[in-house]
Amino acid sequence: MNPLRIAILCPTPEYEEDWSHIRTDYARLLGNNAIFIDWTKADDFGGFDLVTPLLAWGYPRDCRRWFALLDRLEAENVRVSNPVSILRWNSDKAYLAELDAAGIPSVPTIWCPLLDRVALEDARKSFNVETVIVKPPISGGADGTFRLNRDDSVPDSVADQRMMIQPYLPNIAEEGEYSLFYFAGAFSHSILKRPAKGDFRVQEQYGGREEAIIAPDGALLLAQQALAATAKINKSGPLAYARVDILRDGNGVFRLMELELIEPSLFLRFAPDAGAAFAQALVSRL
């Protein structure tokens, strides 16, 4: 019997963020089954039993190529770890509005077609805050994300762009952001991420730090509800992997920040089984 071949789509050589430690994790768990391919050069999937975009970091910087790749995976009926329909839906954070309409509380968001100073002032009045966060609906790793006080101008890189505007919630620095991880629909582990002092971004490349933690009951409940609503909206079953990012607001309400169903860091070093359930969830797709 031929060994399984799993294509793991990974960043281009020019991508600046270090992902070598995650590659090491996947190689440890999947062994010779794992073949790492630059996602922008993935041309032939005929020799693979499964394709996963778990390391396709940087895809928001080339959206046209990314959506073309998803169309090709779908047209060629390639077996993908999470369904292509889920990947497409999760690529644009407009999915948060769908989940919010389904009763899943998220961070309040104004969807701005063209970001300018007027839009920022209107958002501040609507949220009754001085400081807001702006971010692109298609983004990753806090790319294009800014915290703007009243006196700050609109950054040139996002001016007149389609953006999300959210109130800055100080609890991101005071308590942190929870990430809960699920493999094949089953809860695996959870962590708490905190930004560096004076920052608001929890990502490691900005000095963020994380620790293993027992997720609060409210966060667990919200994560389960968000995944159930996702399955209902997309008519999908349990996903091979999912990361649910949650923040508690100033009133103690747990709110969904993001669902990471494409290329999340899974922080497997914090998993009780060191990632065995994750590897099994991938293989079970075969």
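Two strands pair if DSSP finds at least two bridges between them. By this criterion, β8 and β11 pair in the antiparallel sense, over 6 bridges. The structure described here is a predicted model.

The pair belongs to an open sheet of 5 strands. The strand order is β10-β9-β8-β11-β12, and the pairing is antiparallel. Strands β10 (209–212) and β12 form the edges, each pairing on one side only. On average, neighbouring strands of this sheet are turned by 30 degrees against each other, direction ignored. Helix α7 packs on the sheet. The helix touches β8 (177–183), β9 (186–194), β11 and β12. The direction of α7 makes about 50 degrees with that of β12.

Strand β11 (residues 241–248) also pairs with β12 in the antiparallel sense, again through bridges, 6 in number. Individual partners can be named on both sides of β11. Towards β8, serine 179 has aspartate 245 of β11 as its bridge partner. Towards β12, isoleucine 246 is bridged to leucine 256. Arginine 243 stands opposite glutamate 260, which lies in β12. β11 and β12 form a hairpin, with 5 residues between them. In the turn, glycine 252 has a positive phi of about 85 degrees. Strand β11 is mostly covered, with 7 of its 8 residues buried.

Leucine 192 offers a view of another part of this sheet. The residue is placed in strand β9. Leucine 192 has a relative accessible area of 3%. The cut-off for a buried residue is under 20%, so leucine 192 counts as buried. Its contacts, leaving aside neighbours within four places in sequence, are Glu175, Gly176, Glu177, Tyr178, Arg209, Glu210, Glu211 and Ile213. One of these, glutamate 211, is 19 residues away from leucine 192 in sequence. In space the two are 5.5 Å apart, C-alpha to C-alpha.

A further open sheet has 3 strands, in the order β2-β1-β3. Here the pairing is parallel. β2 (34–38) and β3 (50–52) stand at the edges, each with a single partner strand, so one side of each lacks a neighbour in the sheet. Neighbouring strands are turned by 25 degrees against each other on average, direction ignored. Strand β1 (residues 6–10) pairs with β3 in the parallel sense over 3 bridges. Within this pair, isoleucine 6 has leucine 50 of β3 as its bridge partner. Helix α1 (residues 20–30) lies across β1 and β2. The helix runs at about 150 degrees to β2.

Helix α3 (residues 84–91) is largely enclosed by the rest of the structure, because 6 of its 8 residues are buried. The buried residues are Val84, Ile86, Leu87, Trp89, Asn90 and Ser91. Their cover includes the helices α2 (63–75), α4 (95–101) and α7. Strand β12 also contributes to this cover. Helix α7 thus appears in two settings: it packs on the sheet and helps to cover α3.

Helix α7 (residues 217–234) has a part in the second largest pocket as well. This pocket has a volume of about 150 Å³. The lining is made up of Tyr182, Gly185, Gln224, Leu227, Ala228, Thr230, Ala231, Ser236, Gly237, Pro238, Leu239 and Ala242. Helix α7 gives the most to this lining, with 5 residues. By type, the lining residues divide into 7 nonpolar and 5 polar. No charged residue is among them.

Two residues in loops have a positive phi although neither is a glycine. Aspartate 160 has a phi of about 65 degrees. This residue is found in the loop between β6 (146–148) and β7 (163–167). Alanine 274 has a phi of about 60 degrees. The loop that holds alanine 274 lies between β12 and α8 (276–284). The relative accessible area of alanine 274 is 33%. This value falls between the 20% limit for buried and the 50% limit for exposed, so alanine 274 is partly exposed.

Conventions
Residues are numbered from 1 along each chain as its sequence is written. This is a predicted model: local features need pLDDT of at least 70, side-chain atom pairs count only at pLDDT 80 or more; totals for chains, interfaces and linings use all residues. Side-chain values use heavy atoms; hydrogens and water are left out. On a 1 Å grid over the protein atoms alone, a cavity is a set of points where a 1.4 Å probe fits but cannot get out, and a pocket is an open set with protein on both sides within 12 Å along at least five of seven lines; lining residues have an atom within 4 Å of a point. Grid points are joined across faces, edges and corners, and a volume is the space filled by probe spheres set on the points. Helices (H or I, at least four residues) and strands (E, at least two) are DSSP runs, numbered from the N terminus. Ala, Val, Leu, Ile, Met, Phe, Trp, Tyr, Cys and Pro count as nonpolar, Asp, Glu, Lys and Arg as charged, and the others, Gly among them, as polar. Buried means under 20% relative accessible area, exposed over 50%, partly exposed in between (1.4 Å probe, protein chains only). Contact means heavy atoms within 4.5 Å. Axes are lines fitted to C-alpha atoms, for helices over the stretch in contact, and angles run from 0 to 180 degrees between N-to-C directions.
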